[in-house]
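Student: I would like to learn how to read a protein model, beginning with a single residue and working outwards. Could you take me through this one step by step?

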Amino acid sequence: MMANSFRLQNRGVDYKRLIPSIISSHQTVLTIIWTLGFILIAAWQRTAVDRLLSYSAWAPPPRPIPKLRSVAFNLTDFGAVGDGVTLNTKAFERAISEIHKRGGGQLNVGRGYWLTAPFNLTSHMTLFLAENAVILGIDDENYWPLMPPLPSYGYGREHHGPRYGSLIHGQNLKDVVITGHNGTINGQGQTWWEKYRKKQLNHTRGPLVQIMWSRDIHISDITLRDSPFWTLHPYDCQNITIRNVTILAPSSGAPNTDGIDPDSCQNVVIEDSYISVGDDGVAIKSGWDQYGIAYGRPSSNIIIRNLIVRSMISAGVSIGSEMSGGVSNVTVENLIVWNSKRGIRIKTSAGRGGYVRHIAYQNLTLENVRVGIVIKTDYNEHPDEGYDPNALPVIEGISFTGIRGQGVRIPARIYGSQEIPVRNVTFRDMLVGITYKKKHIFQCSFVQGRVIGKIFPSPCENLDVYDELGHLIRQATMQNITDTADYDS
């Protein structure tokens, strides 16, 4: 429109008479140069708008899908239809079978709604979800295969016997990539949640994505939403990178929709992601009671950083409660937890066995969180009566550095017990604005550790207090019972 206006204003101009005067005026020459540039810009803008209008709903042109493997296929090459109604399971299976035959390859899922039942990945494969591509899990459990219980759990997490598999599944794989231009994997969990509440399911619900006994897994630049159960569940895997993912489920009414659950996994990086779900944002696990003890595969060498998490039901980042194979060498840093019930939590109980040790929390921000830091040793939920109540977990070597927040009701609640004391806990550089005026807002029992430097609010008396130079200021008094909060943590 601006280019047309310019042309209308200049109709009827005698350019032969205009040129001599232009030459005589340096200022006018600069004006003409600027005007010509303006015309060119206006023409380019009009061409760009014309291109824009050629796409529906004013959408920009789709980004081209990069070729990340030497062999690449489109899902539509195998008969898939992205109308949200056609069931495309066979198309996924045929495509992945062809990739397996070729020794690896890339499967491109383009723009559309691709309804499917569960399917399996293969090694040396990239699953690429284009912008506005949505893989939809069919919400009829009759299409979901049953699988044996996880060996470190003994039973399905919700029912004895087998469990439903995941929408996207893999076992004994190497070199698997799930990535894209922020395409979506949607589990359509609403039907599952409703049936779970009404006790209409006979088996444990399945995760959205589960990869087992595999290595060299990379998941990035996608959205995962509305999982029937846990969203992303790597099980007994090594070398996992999860980066720049968005994980969503309703903040209430979506039971057990954990975001990411690394389970008996080693060498894991979870970073640069946003998670808002109906349970823990991230939950590190390693098996359940006697089954996890027997399986004996720990979770270790895990870095969680640069996350924004909301969990109105549970915690931003949890360890446990299923941690019977052990959890160690975990760093959680640059974490923001907002509008949540808890910030970070370690949960276990007698019967779990195992250990939680060498855990470092650094640079945590808590915004409107009911309880900032929780360590709980009486999370008494067991698979069956065969657990050993004398299998006591060890919790030691936990550090908290750089804790900030506002609108926090209870900054810290660390409840060990005589049987399961919490040892070697360190607090340093903590400043949390509180909303709860009860006297003992930093709550402890059966805790041994230290505070280095000044922190706010004042620590419980179970902890030694040192100055910044490491000089002891006040030795702990063994006050193993403190006031409790008025709700369950």
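Tutor: Let us begin with Ile313, bearing in mind that this is a predicted model. Ile313 counts as partly exposed, because its relative accessibility is 40% and that class covers values between 20% and 50%.

Student: Where does Ile313 lie, and which residues does Ile313 touch beyond those up to four places away in sequence?

Tutor: Ile313 is found in the loop that runs between strand E21 (299–311) and strand E22 (315–319). Leaving out residues up to four places away in sequence, Ile313 touches Ser251, Gly278, Lys341 and Arg342. Take Gly278 as an example of how sequence and space can be read together: Ile313 and Gly278 stand 35 residues apart in the sequence, while their C-alpha atoms are 6.1 Å apart in space.

Student: May I try the same reading on Leu146? Is Leu146 buried or partly exposed, and where does Leu146 lie?

Tutor: Leu146 belongs to strand E8 (residues 146–147), and it counts as partly exposed because its relative accessibility is 44%. Its contacts, not counting residues up to four places away in sequence, are with Pro162, Arg163, Tyr164 and His203. For a distance between C-alpha atoms, we can look at Leu146 and Arg205, which are 9.9 Å apart in space and 59 residues apart in sequence.

Student: And how should I read Asp226: is Asp226 buried or exposed?

Tutor: Asp226 has a relative accessible area of 6%, and therefore it is buried, the cut-off for that class being under 20%. Asp226 sits in the loop between strand E15 (223–225) and E16. Setting aside residues up to four places away in sequence, Asp226 touches Asn186, Gly187, Gln188, Gly189, Gln190 and Trp193, and also Leu248, Ala249 and Pro250.

Student: Now that I have seen single residues, what can be said of the protein as a whole?

Tutor: The secondary structure comes to six helices and 31 strands, and of the 489 residues in the protein, 52% are buried. Contacts can also be sorted by sequence separation: among those between residues at least 6 apart, 75% join residues at least 24 apart. On the outside, the protein exposes about 21800 Å², and carbon and sulfur atoms supply 53% of that area.

Student: What is the general idea behind a nonpolar core, and what is found here?

Tutor: In soluble globular proteins, nonpolar side chains tend to be buried together. In this model the largest nonpolar core has 102 residues, and those with the most contacts inside it are Leu121, Leu127, Ile185, Tyr361 and Phe427. Strand E24 (residues 355–376) gives the most to this core, contributing eight residues. A second, separate core has eight residues, including Leu150, Tyr153, Tyr235 and Trp288.

Student: Which residues are in contact with Leu121, leaving aside its neighbours within four places in sequence?

Tutor: Leu121 is in contact with Ile96, Leu127, Ile168, His169, Leu173, Val176 and Ile178 when those neighbours are left aside.

Student: I also want to read the empty spaces. How many cavities of 30 Å³ or more are there in the whole structure?

Tutor: A cavity is a space where a probe fits but cannot get out, and a search of the whole structure finds two of 30 Å³ or more. The largest has a volume of about 100 Å³, and of the 13 residues lining it, Leu150, Arg157, Arg163, Phe229 and Trp230 are the closest to its centre. By class, that lining has six nonpolar, four polar and three charged residues.

Student: What lines the second largest cavity?

Tutor: The second largest cavity holds about 40 Å³ of space, and its lining includes Val209, Ile211, Leu232 and His233. Strands E13 (209–212), E14 (215–220) and E16 (232–235) each give two or more residues to this lining, and E16 gives the most, with three. The lining divides into eight nonpolar residues, one polar and no charged.

Student: Finally, what surrounds the largest pocket?

Tutor: The largest pocket, with a volume of about 460 Å³, is lined by 27 residues, and nearest its centre lie Arg157, Asn256, Asp279, Tyr379 and Glu381. Strand E23 (residues 327–347) supplies the largest share of the lining, four residues. By class, the lining of this pocket has seven nonpolar, six polar and 14 charged residues.

Notes. Residues are numbered from 1 along each chain as its sequence is written. This is a predicted model: local features need pLDDT of at least 70, side-chain atom pairs count only at pLDDT 80 or more; totals for chains, interfaces and linings use all residues. Side-chain values use heavy atoms; hydrogens and water are left out. On a 1 Å grid over the protein atoms alone, a cavity is a set of points where a 1.4 Å probe fits but cannot get out, and a pocket is an open set with protein on both sides within 12 Å along at least five of seven lines; lining residues have an atom within 4 Å of a point. Grid points are joined across faces, edges and corners, and a volume is the space filled by probe spheres set on the points. Ala, Val, Leu, Ile, Met, Phe, Trp, Tyr, Cys and Pro count as nonpolar, Asp, Glu, Lys and Arg as charged, and the others, Gly among them, as polar. Buried means under 20% relative accessible area, exposed over 50%, partly exposed in between (1.4 Å probe, protein chains only). Contact means heavy atoms within 4.5 Å. Accessible areas come from the Shrake-Rupley method with a 1.4 Å probe; for residues, only the protein chains shown count as cover. A nonpolar core is a set of buried Ala, Val, Leu, Ile, Met, Phe, Trp, Tyr and Cys residues joined through side-chain atoms within 4.5 Å.
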